[in-house]
Amino acid sequence: MAVLTLHNACLAFGHVALLDHTEFALETGERIGLIGRNGTGKSSLLKIMVGMDRLDDGQVQVQKGIELAYVPQEPSFTAGATVASTVSEGLAEVKALRERFEAHAEGDDLDALMTQIEARNGWNWEQRVEETLQRLHLDADLLIEGLSGGMKKRVALARALVASPDVLFLDEPTNHLDLDAITWLEDLLKAFKGSIVLISHDRAFLDNVCTRIVELDRGILRSYPGNFAAYQELKARELADEAVANARFDKLLAQEEVWIRKGVEARRTRSVARVKRLQDLRSERASRRDVTGRVKLEVSQGDRGGKIVAELEGVSKAFGGRTVVRDFSGIILRGDKVGLVGPNGAGKSTLLKMILGELAPDSGTIKQGANLQIAYFDQMRDHLNLDATLADFISPGSEWIEINGSRKHVMGYLQDFLFAPARANSPVRTLSGGERNRLLLARLFAKPSNVLVLDEPTNDLDIDTLDLLEDLLAEYPGTVFLVSHDRRFLDNVVTSTIVAEGDGLWREYEGGVEDWLIQSRRAQAIAAGKPGAATIASAVKQAPAADTRTPVAVATDTAPAAPAAAAVVAAQKRKLSYKEQRELDELPARIEALEEEQAELNKALADPEVYQKEGANVATLHARVEAIDEALLTLLARWEELGAR
């Protein structure tokens, strides 16, 4: 049964319709992922469902007695409040009802108050707050101002959940959360009894949590059953069908336009019905909203640096008696794509600054590579001048940008990042969160560099832009340092991952997040002596030595599992690059196509009539069969080579 519905919903800002006579229904127990391009109106739609904003036209209907709770992208808190007082704000109405009952104010209907309090389970609201704090592992007495971004997001969730809502609305809930917190949130939402509508661009999160994907596409809400992986398959087929239908429509329109203009003198009268159809076709074409173009990403490459970017030996760093990096060793080479993973506050920024020579270690040695040109992306957007125009922010004092030896006008460059020329003179403060991130990327990629440092670049970016950013970073010839909690993004980009393992220990693993998780589980199995550990250990002993270009960090004696973990990492084969993985995925289809073509040719050559009717082409057909044989041998060998790695 639908707990919330939208009927004929319309919403527009300026001339752009964010909602264009669209429909939507939320069923009991559904977990819906709301996705779409930046600026399409997802957050506005969420606020309309909650009742914070209103539609221009249409209806929002909520089932009677349904309790709604909303967690915004950037939650606000009362100054000087504690965690407990903030969470109890979620029960403000219940608290007010009980206070009125206890005060026995003149004129109050005590029976009616008792009924309302009992309906909302308000007699024990203090216990509900305490239980929620325990469930979400929050300290009641901590001040909100002293919490990290991830802990503040957890408090905002607690404030929403304490009221036991029937429908929970979440806007980018994974922003500022580390991997452990995201996993915790996934489990929490999957166990939630009510319905959920959430906005997120974290593809792994959408896969693990959602039961339906709803895309806001050109003003219409389109529904896709299943998780994000199922959506991708259905969307690809839908876009292909739409492209074919549009091409047929455009061809028909072109034919009718030719007809209406052709032979005016020869035809004094025209078919009134056909003229009317042409007018209808023109009107339909004018109202059609085509798929928005994709961001065109290109990075300005700096001078070629040395082979070694940084070499660290026994590096340690402490702040206020707390060691954040302990005895870390490693080599970073030109072209490496390195991910840094760890809880908030583990010291990722500290380790990164030492690698880049911006911070000196307390002990150990760091050798910097020559001719490093570093471009830095800051997740806090500290480098944004909110009062500058988009054009001035990208290219201050000049209308031209030079990228890889070619000049491009700033207007055209902004269009590559989906900023219309009309917005080039708008101030930066008018942009949404995702658009600001896109603008920062535009400025970052205009700067010549051979080292890219990206601190949470995926926050607020839409999924199409994430896909293109992955492709760009995979092809980038320089070195990339990537701090992110987006598991899918890390897996698709990095060649190695440096992971915080507690007590200041950091270890480097080949591959992305999934590779690290697999390797760490194996190491734990070996250390614990679990069944199968002996087999793993035997395989490790027989494995060849690891590639010495990226040594694994050496742990101290305080981590008993370290030798086993190091051995497992040494046994791990080199991870396929992004291009190699894509090639491996495409090989079966290429092989199948060649085999089908070869079968058709052999069938034709087996027909005696071919030699009679097309005798001149028989030699060409035989030559093609031989060429396919050679190509198949090459592709099969390549498939075996990549598959073995």
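Two strands count as paired when DSSP finds at least two bridges between them. The exercises below apply this to a predicted model.

**Exercise 1.** Find which strand pairs with β5, and state how many bridges join the two and in which direction they run.

*Solution.* Begin with a single bridge: the partner of L68 in β6 is V167. Next, take the two strands as a whole, where four bridges join β5 to β6, which covers residues 167-171, and the two strands run parallel. Since a pair needs at least two bridges, the four found here satisfy the rule.

**Exercise 2.** Work out the strand order of the open sheet that contains β5, and explain why one side of β5 and of β9 lacks a neighbour.

*Solution.* First write down the order of the six strands, which is β5-β6-β7-β3-β8-β9, with mixed pairing. Then look at the two ends: β5 (68-71) and β9 (220-225) stand at the edges and have a single partner strand each, so one side of each is left without a neighbour in the sheet. Finally, consider the twist, for neighbouring strands are turned by 20° against each other on average when direction is ignored.

**Exercise 3.** Identify which strands helix α1 touches where it packs on this sheet.

*Solution.* Locate helix α1 at residues 42-50, and then list its contacts, which are β3, β5, β6, β7, β8 and β9. As a last step, compare directions: that of helix α1 makes about 155° with that of β6.

**Exercise 4.** Determine which residues touch the most other members of the largest nonpolar core, and which helix gives the largest share.

*Solution.* This core has 45 residues, of which I394, Y413, L439 and F445 touch the most other members. Helix α14 (residues 433-446) supplies the largest share, seven residues.

Technical notes
Residues are numbered from 1 along each chain as its sequence is written. This is a predicted model: local features need pLDDT of at least 70, side-chain atom pairs count only at pLDDT 80 or more; totals for chains, interfaces and linings use all residues. Side-chain values use heavy atoms; hydrogens and water are left out. Axes are lines fitted to C-alpha atoms, for helices over the stretch in contact, and angles run from 0 to 180 degrees between N-to-C directions. Contact means heavy atoms within 4.5 Å. A nonpolar core is a set of buried Ala, Val, Leu, Ile, Met, Phe, Trp, Tyr and Cys residues joined through side-chain atoms within 4.5 Å. Buried means under 20% relative accessible area, exposed over 50%, partly exposed in between (1.4 Å probe, protein chains only).
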